[in-house]
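Take a walk through this protein chain with me. We start with what it means to be covered, then move through helices, rings and strands.

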Amino acid sequence: MSGISATDKKTLPPIKLTDNAITVLEKRYLKRDKDGTPTETPTEMFVRVANNIASADASYGATEKEIKETAKKFYSLMTDLDFLPNSPTLMNAGHELQQLSACFVLPVDDSMESIFEAVKDAALIHKSGGGTGFSFSRLRPSGDFVLTTKGVSSGPVSFMKVFNAATEAVKQGGTRRGANMGILRVDHPDILDFIDSKKECGELQNFNISVALTEKFMQAVDDNDSYALISPRGGEEMGRLQAREVFDKIVNLAWETGDPGIIFIDRMNRDNPTPSLGDIESTNPCGEQPLLPYEACNLGSINLSHMIIEKEDGSEINWEKLKSVVISAVHFLDNVIEVNRYPLKKINDLAKGNRKIGLGIMGWADMLIKLKIPYNSEKAVELGAKLMNFISDEGTSASSTLAEKRGVFPNFDQSVFNTPDGQRVRNATVTTIAPTGTLSIIADCSSGIEPLFALSFIRNVLDNQELVETNDLFEAHAKKEGYYSEGLMKSIADKGSVADIDEIPKEDKETFVTAHDISPEWHIKMQAAFQNYTDNAVSKTVNFSHEATPKDVENVYRLASELGCKGVTIYRDGSKDTQVLNIKKEEVKEKFPYAPPGGIDPRPRPDKTFGKTQKIVTGCGNVYVTINEDEYGLCEVFTQIGKSGGCAASQSEAIGRLISLSLRAGVKNEAIIKHLRGIRCSSPARQKGGQVLSCADAIAIAMKNYLEDRPDFKTESTASEGGGKNIADDSLVYQIGACPDCGGVIEHESGCLVCRLCGFSKCG
């Protein structure tokens, strides 16, 4: 077998990986036995991937010696952490599955056969480790006539729920939960239902959704005019809506819940390299990869934090190294296409026909810090454009060089490149900027082109012990400047930023800026700078404070349209309706009185009770908590979340029933409050009086309020400790949300949740 041999492995230098990187690799990437125990080391994983990807050179006449040299080059490229491919390549290359792509788009035509064929195909893709995007714009609207059954259509949103349920049932390759993008054109007759489709907590949890905005629609918004709704079945006008009202609805829902996002569909199709093969209707789940139906793309990212030359008088970009890495990465990604085993023949044919690759970056914020350039500055925006222009030029040149050796992509004659002066290239697209949540943890760098999310984190370990983890660049700089201390780092971890820390010099506050220090407009300016030199699209989250207004969101959407972005994803603190329970891995040592044999029978519910109902604002919507009592004291709790039904509502009802049983079994009020108060989810909310951390926390707050209104209320501590841990309301984990695995801060990135402390991630 050609490539790196078992003997060669013994001479390979050790890989420098952080503890977090090793944890992520062990949890998600390393080969496992039937019991789930890792059976390979990180070194063996990288050898497996390098050998497999290098083997593609054999198709183009490479000798065993040449393949071995290529494998060593690819191994160094990855283990030096200069470049990493997308997750399915690391997971599956060299395995029996051999499905290496992260991104797929499937068509959904207006027939029952096509809809359920897409459901089946999506399940196969999710099982193999990929994510799927769909446009539901071809489906006839709800209430439309169906000739074959003489009935009426249930509409796109109802079928999206079928896709969502199927995704819930399929675990991707044993490592990742399925993720989907659902897109509907703004001129579809069911657009208002689509915009509202994730309004209720728990709906379409496996989907990110985006509205495909047309330029005609945006013009109607500017003109305060109406626009036509078009039948996808016959093309005729089915009504009109006021564009401004629809736009405001999109803005308000995005402000309130984080969904929907928006894409500028006409702009995406202007950059479609093969328009004769069809229109682009959808993107992958995170929005950065526009694709034709049945198309796939292989992504990878260059670590910019390693593209720096450190000098005594400062740092500068190592352009020569960057060029070399770009050339090797294009070679790597083109080889991925060759050895990839696509889940469907139609995908195989189109992926190899267009040979799209998506070379992107990570570590941009780290690079700026090393260059001492504030992220939110014109200098940073200008450098971003210059850097991406360089990567695009060198990447396209590398693709052209491959075309000379291997030939152009098969559909070249049907592409925009087929002109007398057109460049002959191997790949229809070369560049994409994808989210790099777990990849950036492995590479120990910042994610994508995002600013740093926080400079310091708190990791919760056994026995309520807290460990403070600080960004390496900031820690080294703070120690060099002489103001580092554990107490200061803890204070920064609570706040997530140095903006309001008096001990930090002004220049350092500007250099070590975090996502929540940066105004939304700078997020968009940076996205646009990179988009101008990116073939596909750019993944970027625009962060808003909880206090931001819908008008702030509107301004960002308009700026994105003006500056040439292809889509926008926003996140306002406390708005996302995805509730991730905070189940910390702590060893809780409490002494419980033993119940008598057979347990305790709660006293019967009384015939008559009295009480009151309170409304508590949570990240899941308004929770209405009814507390009743009788002559013996509190005896029951009822809860309702927004509309009835749904997972969140049923869980809340279950909590209420269990509390009621506990009260009538004699459990102290304070004990119940103590164990509910402080439970955190990923979407805390603010209301008058402070933070509400979850629905369970809301119930505890309501019980505490009820008791405090009684004249005989007495308690030692009012149970605000939250299970022994009391965090200030301004701490980052309270503002943003907690990881379900380790209790750390959750980052919101292009529709995904990522924890940089333990590698937890979830999309959709």
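A residue counts as buried when its relative accessible area is under 20%. Over 50% it is exposed, and in between it is partly exposed. Tyr-483 has 12% relative accessibility, so it counts as buried. Keep that cut-off in mind. The model you see is predicted.

Now take the whole chain. It has 764 residues, and 57% of them are buried. Its secondary structure comes to 25 helices and 30 strands. The chain exposes about 31600 Å². Carbon and sulfur atoms supply 50% of that area. What about links along the sequence? Among contacts between residues at least 6 apart in sequence, 70% join residues at least 24 apart.

Go next to helix α15. It runs over residues 378–406, which is 29 residues. From first C-alpha to last it reaches 41 Å. That is close to the 42 Å expected at 1.5 Å a residue. Just after α15 comes Gly-407, with a positive phi of about 100°.

Stay in α15 and find Ala-380. Is Ala-380 buried or exposed? Its relative accessible area is 0%, so Ala-380 is buried. Which residues does Ala-380 touch, leaving out those up to four places away in sequence? They are Trp-364, Leu-368, Ile-373, Pro-374, Tyr-375 and Met-526. Ala-529 is another residue to locate from here. It lies 149 residues from Ala-380 in sequence, yet their C-alpha atoms are 9.6 Å apart in space.

Trp-364, one of the residues that Ala-380 touches, leads us to the aromatic rings. A pair of aromatic rings is described by the distance of the centres and the angle of the planes. The structure holds 16 aromatic pairs. In one of them, the ring centres of Trp-364 and Phe-530 are 5.2 Å apart. Their planes stand at 80°, so this pair is edge-to-face. The pair links distant parts of the chain, 166 residues apart. Trp-364 belongs to helix α14 (residues 364–370), and Phe-530 belongs to helix α20 (residues 520–531). Both Trp-364 and Phe-530 are buried.

Phe-474 and Tyr-483 make another aromatic pair, and this one is tilted. The centres are 6.4 Å apart, with 50° between the planes. We have already met Tyr-483, buried at 12% relative accessibility. Phe-474 has 0%, so it counts as buried too. Elsewhere, ring pairs link Phe-134, Phe-136, Phe-163 and Phe-207 into a cluster.

Turn now to the strands. Strands of a sheet pair through backbone hydrogen bonds, either parallel or antiparallel. Look at β23 (residues 610–618) and β24 (residues 621–630). Their pairing is antiparallel, over nine bridges. A hairpin of two residues joins β23 to β24. Thr-618 has Gly-621 in β24 as its bridge partner.

Finish with an open sheet of three strands. Its order is β28-β29-β30, and the pairing is antiparallel. Which strands stand at the edges? They are β28 (747–749) and β30 (761–763). Each has a single partner strand, so one side of each is left without a neighbour in the sheet. On average, neighbouring strands here are turned by 20° against each other, direction ignored. Strand β29 (residues 752–754) pairs with β30 over three bridges. One bridge partner to look for is Lys-762 in β30, matched with Leu-753.

How values were computed:
Residues numbered from 1 in each chain as written. Predicted model: local features only at pLDDT ≥ 70, side-chain atom pairs only at ≥ 80, totals over all residues. Heavy atoms only, no water. Pairing = 2+ DSSP bridges. Helix = DSSP H or I, 4+ residues; strand = E, 2+ residues; numbered from the N terminus. Axes fitted to C-alpha atoms, helices over the stretch in contact; angles between N-to-C directions. Expected span 1.5 Å × (residues − 1). Buried < 20%, exposed > 50% of the residue type's maximum accessible area, 1.4 Å probe, protein only. Contact = heavy atoms within 4.5 Å. Areas by Shrake-Rupley, 256 points an atom, 1.4 Å probe, with all protein chains shown as cover. Phe/Tyr/Trp six-rings, centres within 6.5 Å; stacked < 30°, edge-to-face > 60°.
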